[in-house]
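Dear colleague,

I am passing on the structure we spoke about, and would be glad if you could look through it with the notes below at hand.

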Amino acid sequence: LGEYSGPFLLPFIDLLNHSSMLDKKCTTLQRGPRQKGDGDQIVESFFMVAERSIEQNEEILHSYGDDLTSAQLLQTFGFVEDKFVKRAATVDVKEMIAGTVRTRGEEVKNKSYKDSDDQSSFTPAILSKKEIIKACSIVSSSSYPSKLKQIISQMNQRNGEDGFVSDDDDLDEIWDMPTNVQNREKDTINVIPDDILIHYHSFNNDNGADDEVGQNIYLSDELVTLCCIQFLPHDAYQELVVRGDDEGEVGVGMEVEKSSSICLVSCDVLEDYFLGKLVLKAILIAIQRRLDEYKPISFIFGHTDNEHEHKQQQRAEKEPKASSSSPLSMDVITLNKDRIENDQLLLQQLMSKSKTTISDDNTSSVHHAIYGLTIRVEEKICLFALKRKVLELYDSLDDDINSQSDNYADEGGRDNSNTASSSKRRKL
């Protein structure tokens, strides 16, 4: 084999079925030097090693990968592991979005997901760069920036009238929305991927880490930076741009064009009220637009399942239209959580059908539907977990303003010669 690192075609290994469960898998695939036959010749080869005693008539199971998500298993091997299907069908969605786990007959409170069976095995959702930029454009062209300006101006004016100046930053500087931001995307090509993965993380932390760590986990630097550069004024944006060397990039028959890139920023910049509100609003819109792409589904087994259709119809009649709800409304979470529960209901019925006698033509379709619904539920939970965290941050900015307002009222009689508000943009 030499220094060759793969890929390899290994016949017969796929005869062993997969399991990532510690109490079921019993072999591992290894590569190394082995003695060939009865001779002294040593060759490098692949071999299976039993990691424990194997009982008589026990099925020999091998893990194709302990850290693979449902989508990776499906894409690579054509199936989704049973434990992931059962988890998607039975997990309590409300508890999952809140960062705790509850399945039928079992509840685990205040538990951070650390092992491969929980956190890393969830199929991440995807927010594309294009859709995020579109959401930012929706915010920029709306009346929302003007409303924020009015809030900040009124607050700063009140501060000046009260004669109170904070030692810290007051509210942050306001500015007009930049134009021609489409030219900024080229600076993100080598820094921000076309698809930003939204992984599932629990909110609870047994190690006592502060909320800032959780924010950094949920709001990646790539996501925050991509949104920020859509709103920052020209001078602030230029602070983030990193120019290439003097040689730049040279094309045949073209003038020299210096390459440029962008520095990533963390979610700390969202403490700035104006910028934070704009970015978080855009992320919420991007999430909602992504959720709206999931359409209601049903599955018919060659005959009408009247009970299932009746339940689906009842739910549909009770649900308001998604377009009638604001992306910032908590009603949307309730609405879409119920849609996840619809997915779970259908998934449970498909699992039940797969265990009964059905025609061969339907067997493959049922399994494909089960795998697809499992991934669909996992992706939605990732999106709603992110949405919940973003809503918390969004509301916390208003809480900070209300707190500052109370402080200003308490300090209203304080003599201060500097009546102008001190408004500075936080350093990126």
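The notes that follow take up the core, one helix, a strand pair, the salt bridges and one glutamine.

Please keep in mind throughout that this is a predicted model.

I begin with the core. The largest nonpolar core holds 85 residues, and within it Leu219 and Phe231 touch the most other members. The largest share of this core comes from helix H12 (residues 360-410), which supplies 18 residues. In soluble globular proteins, nonpolar side chains tend to be buried together. If residues up to four places away in sequence are set aside, Phe231 touches Cys136, Val139, Ser140, Trp175, Met177 and Pro178, and also Leu275, Leu278, Val279 and Ala282.

Helix H9 covers residues 273-292. Because 18 of its 20 residues are buried, H9 is largely enclosed by the rest of the structure. Its length also agrees with expectation, since 20 residues at 1.5 Å a residue should span 28 Å and the end C-alpha atoms of H9 are indeed 28 Å apart. At the N-terminal end, H9 is capped by Asp272, which places a side-chain oxygen 3.1 Å from the backbone nitrogen of Phe274.

Strand S7 (residues 125-128) shows an alternation of side chains, in which Ala125 and Leu127 point to one face and are buried, whereas Ile126 and Ser128 point to the other and are not. This strand pairs with S8 (residues 195-198) in the antiparallel sense, over 4 bridges, and Ser128 stands opposite Asp195 of S8.

Turning to charged pairs, a search of the whole structure finds 14 salt bridges. One of them joins Asp66 to Lys25, with the closest N and O atoms 2.7 Å apart. Asp66 lies in the loop between strand S4 (61-62) and helix H1 (70-77), while Lys25 lies in the loop between strands S1 (17-18) and S2 (27-35), so the pair ties together parts that are 41 residues apart in sequence. The two partners fall into separate accessibility classes: Asp66 is partly exposed, with a relative accessible area of 33%, whereas Lys25, at 16%, counts as buried.

A salt bridge also links the side chains of Asp176 and Lys149, at 2.5 Å from N to O. Here Lys149 belongs to helix H5 (144-162) and Asp176 to the loop between H5 and S8, so this pair ties together parts that are 27 residues apart in sequence. Asp176 counts as exposed, at 59% relative accessibility.

Arg290 and Glu293 form a further salt bridge, their closest N and O atoms lying 3.2 Å apart; Arg290 is buried, with a relative accessible area of 18%, and Glu293 counts as partly exposed, at 46%. In addition, Asp343, Arg376 and Lys380 are linked in a network of salt bridges.

Finally, what surrounds Gln30, leaving aside its neighbours within four places in sequence? Gln30 has its place in strand S2 and is partly exposed, with a relative accessible area of 32%. Apart from those sequence neighbours, Gln30 is in contact with Ser45, Phe46, Phe47, Val49 and Glu51. Met48 lies 18 residues from Gln30 in sequence, and the C-alpha atoms of the two are 6.2 Å apart in space. The side chain of Gln30 is also joined to that of Thr28 by a polar contact of 3.4 Å.

With best regards

Note on methods:
Residues numbered from 1 in each chain as written. Predicted model: local features only at pLDDT ≥ 70, side-chain atom pairs only at ≥ 80, totals over all residues. Heavy atoms only, no water. Buried < 20%, exposed > 50% of the residue type's maximum accessible area, 1.4 Å probe, protein only. Helix = DSSP H or I, 4+ residues; strand = E, 2+ residues; numbered from the N terminus. Pairing = 2+ DSSP bridges. Core = buried A, V, L, I, M, F, W, Y, C linked by side-chain atoms within 4.5 Å. Contact = heavy atoms within 4.5 Å. Expected span 1.5 Å × (residues − 1). Polar contact = N/O pair within 3.5 Å; in protein donor to acceptor, adjacent residues only side chain to side chain. Salt bridge = Lys/Arg side-chain N within 4 Å of Asp/Glu carboxyl O.
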